[in-house]
Every structure is written in C-alpha cells, then in structure tokens.
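This report describes how the parts of one protein chain are arranged, going from the sheet to the helices and then to the metal site. The sequence and the structure come first.

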Amino acid sequence: MTTPSECGALIKQIKNFPAELEALLAKYPESHYDQPVQPGEWTIRQIVHHLAEAHMNGFIRMKLVLAENKPILKPYDQDVWAAQADMKLPLEPSLQILRGLHIRWAELLENVTASYWERGGIHLENGLVTLDQLLHIYAGHGQAHLDQIRKLSPNE
Ligand code: NI
C-alpha cells in the first residue's frame, strides 16, 4: 500500500512530466527525431506520440475507475497504434496534448479520496488493477520513456 507521501511524490512526477520531457527534447536537434533511440527501438517522434496516446488511455482508465464499479479497461496494441499515419506529425500536437492532459490528471489525482485508491478496474489481459497500481504504472511509464530517449546521444 502506497503511503500518502509516496502517493504525493508520484502525482508530482505526473504533474512535472511534460516539462521534464520538453527539457529533455530541447537537447536534441530535429534531425534526430526519426532515428531509432537504439537499434530496433522506436524513434523520438514515435515515443512522443506514443506518450500522448498512452497517457490519454491512462487518464481515461483512471476516470473510469473513479466513476464506475470495476469498469473494463480495454487493452490495445501499442505497436499497431504506433504504425498509423498520425505518428508522422510534428511533435507539437502531442506535446500540447500532454501539457493539458497532465494538468488535468494531476488535479484529478490530488483530489482522490483516500479510500478510492483501492478501487479497481478489470484489465482484459492483466485482471484486476487498482487506482493505486495505475498511479505507479503511469508515473513509471513516463519516466521509463525519458530513460529510453536518453539512450540516444544528442551529439551523434
Ligand atoms: Ni510505453
């Protein structure tokens, strides 16, 4: 069980994520956006667009858990999503989504009633997942993709 202070730290990570991402991206020239960060991995462009849609899903999943009794949390194939036409857009539309979304996400989470962290939804692949687990998953998800981008040297 996450303590209130751990919980606060994770919500802060979610709140600060867009600024952290943009500070990291500022180190890379645009010519790097379509280079895989490591052989066989996604490019910066794919990662940024993936972050926008993964976090939209995360936000909706948490809203569903707060609003309904054990809602279904639908899985999706992130590689198929990452291959679609909107992934070739400039980064800005997805950065705009993340900026607005994370303000709402942090506001939502900062005001969750303590007992609600144990509410859950049914993920069709992973089974019951609680709001507390979703907080850990999505705070960690953002950080993992920042680490993934850092594998690409800005000077290469
Ligand atoms: Ni991801």
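## Hairpin and sheet

Strand 2 is joined to strand 3 by a hairpin of 3 residues. The model is predicted. Strand 2 covers residues 120-123 and strand 3 covers residues 127-130, and the two pair in the antiparallel sense over 4 bridges. Opposite pairs can be followed along the two strands: glycine 120 faces threonine 130, glycine 121 faces valine 129, and isoleucine 122 faces leucine 128.

Strand 2 also pairs with strand 1 (residues 72-73), here in the parallel sense and over 2 bridges. In this pairing, leucine 73 of strand 1 is opposite histidine 123 of strand 2. The result is an open sheet of 3 strands with mixed pairing, in the order 1-2-3. Strand 1 and strand 3 are the edge strands; each has a single partner strand, so one side of each has no neighbour in the sheet. Helix 5 packs on this sheet, where it touches strand 1 and strand 3, and its direction is at about 80° to that of strand 3.

## Helix 1 and its two partners

Two packed helices are described by the angle between their axes and by the distance between the axes. For helix 1 (residues 4-25) and helix 2 (residues 44-67), the angle is about 175° and the axes are 13 Å apart. Helix 1 is therefore roughly antiparallel to helix 2. Phe17, Leu21 and Leu25 of helix 1 make this contact with Ile44, Val48, Leu51 and His55 of helix 2. By class, the contact has 6 nonpolar residues, 1 polar residue and no charged ones.

Helix 1 also packs with helix 4 (residues 92-110); their axes come within 7 Å and cross at roughly 160°. Helix 1 and helix 4 are therefore roughly antiparallel as well. Their crossing is left-handed. On the side of helix 1, the contact is made by Ile11, Ile14, Lys15, Phe17, Pro18, Leu21, Glu22 and Leu25. Helix 4 contributes Leu95, Leu98, Arg99, His102, Trp105, Ala106, Leu109 and Glu110. These residues divide into 11 nonpolar, 1 polar and 4 charged. Phe17, Leu21 and Leu25 of helix 1 appear in the contact with helix 2 and also in the contact with helix 4.

## Helix 2 against helix 5

The axes of helix 2 and helix 5 come within 11 Å and cross at roughly 175°. The two helices are therefore roughly antiparallel to each other. Residues of helix 2 in the contact include Ile44, Ile47, His50, Leu51, Ala54 and His55, and further along Asn57, Gly58, Arg61, Met62, Val65 and Leu66. They meet Leu131, Leu134, Leu135, Tyr138, His141, Gly142, His145, Gln148 and Ile149 of helix 5. The contact has 12 nonpolar, 8 polar and 1 charged residues.

Ile44, Leu51 and His55 of helix 2 take part in this contact and also in the contact with helix 1.

## The nickel site

Which protein atoms are donors of the nickel ion? They are NE2 of His50, NE2 of His141 and NE2 of His145, lying 2.1 Å from the ion. Along the chain, the donors follow the spacing H-x90-H-x3-H. Histidine 141 and histidine 145 are both in helix 5 (residues 131-150); they are 4 residues apart, so about one helical turn separates them.

The site can be placed on the helix packing described above. His50 is among the helix 2 residues that meet helix 5, and His141 and His145 are among the helix 5 residues on the other side of that contact.

Definitions and conventions. Residues are numbered from 1 along each chain as its sequence is written. This is a predicted model: local features need pLDDT of at least 70, side-chain atom pairs count only at pLDDT 80 or more; totals for chains, interfaces and linings use all residues. Side-chain values use heavy atoms; hydrogens and water are left out. Axes are lines fitted to C-alpha atoms, for helices over the stretch in contact, and angles run from 0 to 180 degrees between N-to-C directions. Angles under 35 degrees count as roughly parallel, over 145 as roughly antiparallel, 65 to 115 as roughly perpendicular and the rest as oblique. Contact means heavy atoms within 4.5 Å. Ala, Val, Leu, Ile, Met, Phe, Trp, Tyr, Cys and Pro count as nonpolar, Asp, Glu, Lys and Arg as charged, and the others, Gly among them, as polar. A crossing is left-handed if the near helix is turned anticlockwise from the far one by less than a right angle, and right-handed if clockwise. Two strands pair if DSSP finds at least two bridges between them. Donors are N, O and S atoms within 2.8 Å of the metal (3.2 Å for Na, K and Ca); water is not among the atoms, so sites may look incomplete.
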